[in-house]
Each structure stands twice: as C-alpha cells, then as structure tokens.
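Please go through the structure below with its sequence at hand. The text that follows starts at the ligand and then turns to the strands and a helix.

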Amino acid sequence: MKFIREPIVRLIAVTHFSKPTDLDEFNLWQTDTDNPAQQLIEAAGRTCYRSWHNPSGRTNQQYIANLMSQGHLSVIEHASASFYIRGISRACSHEIVRHRHFSYSQLSTRFVDESESDFILPDAIADDAQAMEAFTQAVTVAQEAYRKIYERLRDKFANVEDRTLRRKLARQAARMVLPHALETALVMTGNFRAWRHFIRMRATEHADVEIRKVAIAVLEQLQQVAPAVFGDFTIKTLDGGVTVAEPAFLYE
Ligand SMILES: Cc1cc2nc3c(=O)[nH]c(=O)nc-3n(C[C@H](O)[C@H](O)[C@H](O)COP(=O)(O)OP(=O)(O)OC[C@H]3O[C@@H](n4cnc5c(N)ncnc54)[C@H](O)[C@@H]3O)c2cc1C
C-alpha cells in the first residue's frame, strides 16, 4: 500500500474534424486554424448563419469568442474530450460522477482485487503528525479487514461454479470496509460545454481540494488543445495558496 498525494489527469482523446470535399459551402469556407475541434465549432456556427464566406473577416479565435460572448454555447457541444484520471479517491470520484453530461468508465471494486490498493492522502492530514498516525492506522486496519473478509467469503462461495462470479460475490461484500480514500481510476468523456461547466463549478475555493486539482489539470490541457474555447479562464493562486480558475465568459 502506498499513499498518493497528487491526481494523474491525462487528455486521451479530442474531437477530430473531417471537412467534406464535395460540398460547395465547405469549399467556399476558409479558416485560419488547423485545430480540428475549433474547425468543427466554427463550421457548426457558420451552418447557423450560412456565413461560409466569412463576411466579417474573423479569425477562428475571434469567431468562437463572438459566439461565446453571446451565450451561443450549443456550438461548443459538438467538440468533446476524454480524460484518463487516476490517483483520486472514491470520495473525489463520487463528486465527479454527479456531473450528468459526461460518460464514465470506472474501475470496478467488484471485479478488481483491492487487497493491495493505494490510498489518497489529503495534504491536511499529511501535515499533521497525529492525524497522519490515525489515518495510517485506519486504512491499514481497513485493508487488513478487506483481505480477511475476502478470503473467508471466497471459501464460503467455493461452490459457485463461475470463478468470476465467485470472486465478485466475495469482493462486493469485502469492499464495504474500504474507506473513501481508496484510489480509483476512470475515463471521463464530455463535450466542451460540459467541461466548461465542470471547471467552473470545481475549480473554485469552495470545491474540495482533490476535485479542484482535477479541474485545474483538465483546464490546463484543454487550454492547449482548444484555446479559443477555454482560453478565457484565468488560473490564479489566492492568498493561502489555493489555485482556482475563473472564466471571462459567464454564460453556461
Ligand atoms: C462547492 C460544492 C459543494 C457541493 N455540496 C454538495 C452537497 O453537500 N450535497 C450534494 O448532494 N451535492 C453537493 N454538490 C454537488 C452539486 O449539487 C451538483 O450535483 C454538482 O456540482 C453537479 O453540478 P450541476 O448540478 O450543475 O449539474 P451537471 O450534472 O454538471 O449539469 C450541468 C447543468 O445542466 C443542467 N441540468 C442538468 N441536469 C438537470 C436537471 N435534471 N434539471 C435541470 N437542469 C439540469 C443544469 O443547468 C446544470 O447546472 C456540491 C457541489 C459543489 C461545487
């Protein structure tokens, strides 16, 4: 068992755009970006206004900024991103999955053996010797109890023919003693509008430390791949060391 202090958040997929070559409107349209997600958003916006010839001469960045400043946010729903996230607790993942406009695939505690799993150590506990001692003791006892319960139940369900089912029956009961701090992993996919909302809700000083770190890490990577959509967020560190992000465009 080891204690984890920082989440791992990696962008693993982002929208690809295929420009049709046989349609007059797409042949008329020229954009100054080679960013596929932003090309898709501009194409969606130009579909609304049949403005393929770019009458106002805007760059892609200016075009998207104009849409967002008017709250015309359905266009950014066409582009999406997937993140692989691990090194977070089950407490954090429970907060994450409250966001309903995403798709999730999460490590199964019924299928996967948790007898050697790691735990998330909050900074506040790590910084306090007595809290640290209590935390270490609690997770050690919990994991030992998990192992003991699993072994007993595995034997008890020995007559269940299906090996996977037999293990699941034991693990789904044994997992009940594991704490919120248990490490989990998930893939989270959503469109850019959903990501903006997630960042806005979770990259604030009111959010829990862990989910805030996830939200900031997501934002930093989305700012790289879609600066026209996420570039209005300012990341700053408040007095007291809390890092937060604030958007310039306030439409949801
Ligand atoms: C600081 C903080 C503290 C929190 N504390 C608690 C707590 O103590 N207990 C608790 O249970 N939760 C708590 N939450 C979770 C919170 O209530 C939300 O469930 C979570 O942040 C998901 O965000 P969302 O509701 O905006 O919805 P999302 O699922 O992210 O949806 C995005 C938006 O879509 C719209 N939408 C989605 N579904 C519906 C719907 N069914 N009807 C109408 N509009 C919809 C809304 O405009 C919503 O804002 C907390 C969140 C934060 C940030």
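By class, the shell around the ligand is made up of 1 nonpolar, 4 polar and 3 charged residues. The model is a predicted one. The residues of this shell are Arg 98, His 99, Arg 100, His 101, His 197, Met 201, Arg 202 and His 206; each has a heavy atom within 4 Å of the ligand.

Three polar contacts can be followed one by one. The side chain of His 99 places an N or O atom 2.8 Å from an oxygen atom of the ligand. At Arg 100 the partner is a polar backbone atom, 2.6 Å from an oxygen atom of the ligand. His 197 contributes a polar side-chain atom, and this lies 2.6 Å from an oxygen atom of the ligand. The ligand taken alone exposes 930 Å², and the protein buries 46% of that area.

Next comes the sheet. Strands of a sheet pair through backbone hydrogen bonds, and the pairing can be parallel or antiparallel. Here 4 strands form an open sheet with antiparallel pairing, in the order β2-β3-β6-β4. Its edge strands are β2, residues 8-14, and β4, residues 102-106, each of which pairs on one side only. On average, neighbouring strands of this sheet are turned by 20 degrees against each other, with direction ignored.

At the β2 edge, the partner is β3, residues 80-89, and the two strands pair in the antiparallel sense over 6 bridges. One place to look is Ala 13, which stands opposite Ser 82 in β3.

Helix α8, residues 192-202, lies across β2, β3, β4 and β6. Relative to β6, residues 183-191, the helix runs at about 130 degrees. The numbering of α8 takes in His 197, the residue whose side chain has a polar atom 2.6 Å from a ligand oxygen.

A further antiparallel pair is made by strand β7, residues 234-237, and strand β8, residues 243-246, over 4 bridges. These two strands form a hairpin with 5 residues between them. In the turn, Gly 240 has a positive phi of about 100 degrees. Across the hairpin, Ile 235 stands opposite Ala 245 in β8, and Lys 236 stands opposite Val 244 in β8. In a regular strand, side chains alternate between the two faces of the sheet.

Conventions. Residues are numbered from 1 along each chain as its sequence is written. This is a predicted model: local features need pLDDT of at least 70, side-chain atom pairs count only at pLDDT 80 or more; totals for chains, interfaces and linings use all residues. Side-chain values use heavy atoms; hydrogens and water are left out. A polar contact is a pair of N or O atoms within 3.5 Å; within protein, one must be able to donate a hydrogen and the other to accept it, and residues adjacent in sequence count only if both atoms are side-chain atoms. Accessible areas come from the Shrake-Rupley method with a 1.4 Å probe; for residues, only the protein chains shown count as cover. Ala, Val, Leu, Ile, Met, Phe, Trp, Tyr, Cys and Pro count as nonpolar, Asp, Glu, Lys and Arg as charged, and the others, Gly among them, as polar. Two strands pair if DSSP finds at least two bridges between them. Axes are lines fitted to C-alpha atoms, for helices over the stretch in contact, and angles run from 0 to 180 degrees between N-to-C directions. Contact means heavy atoms within 4.5 Å.
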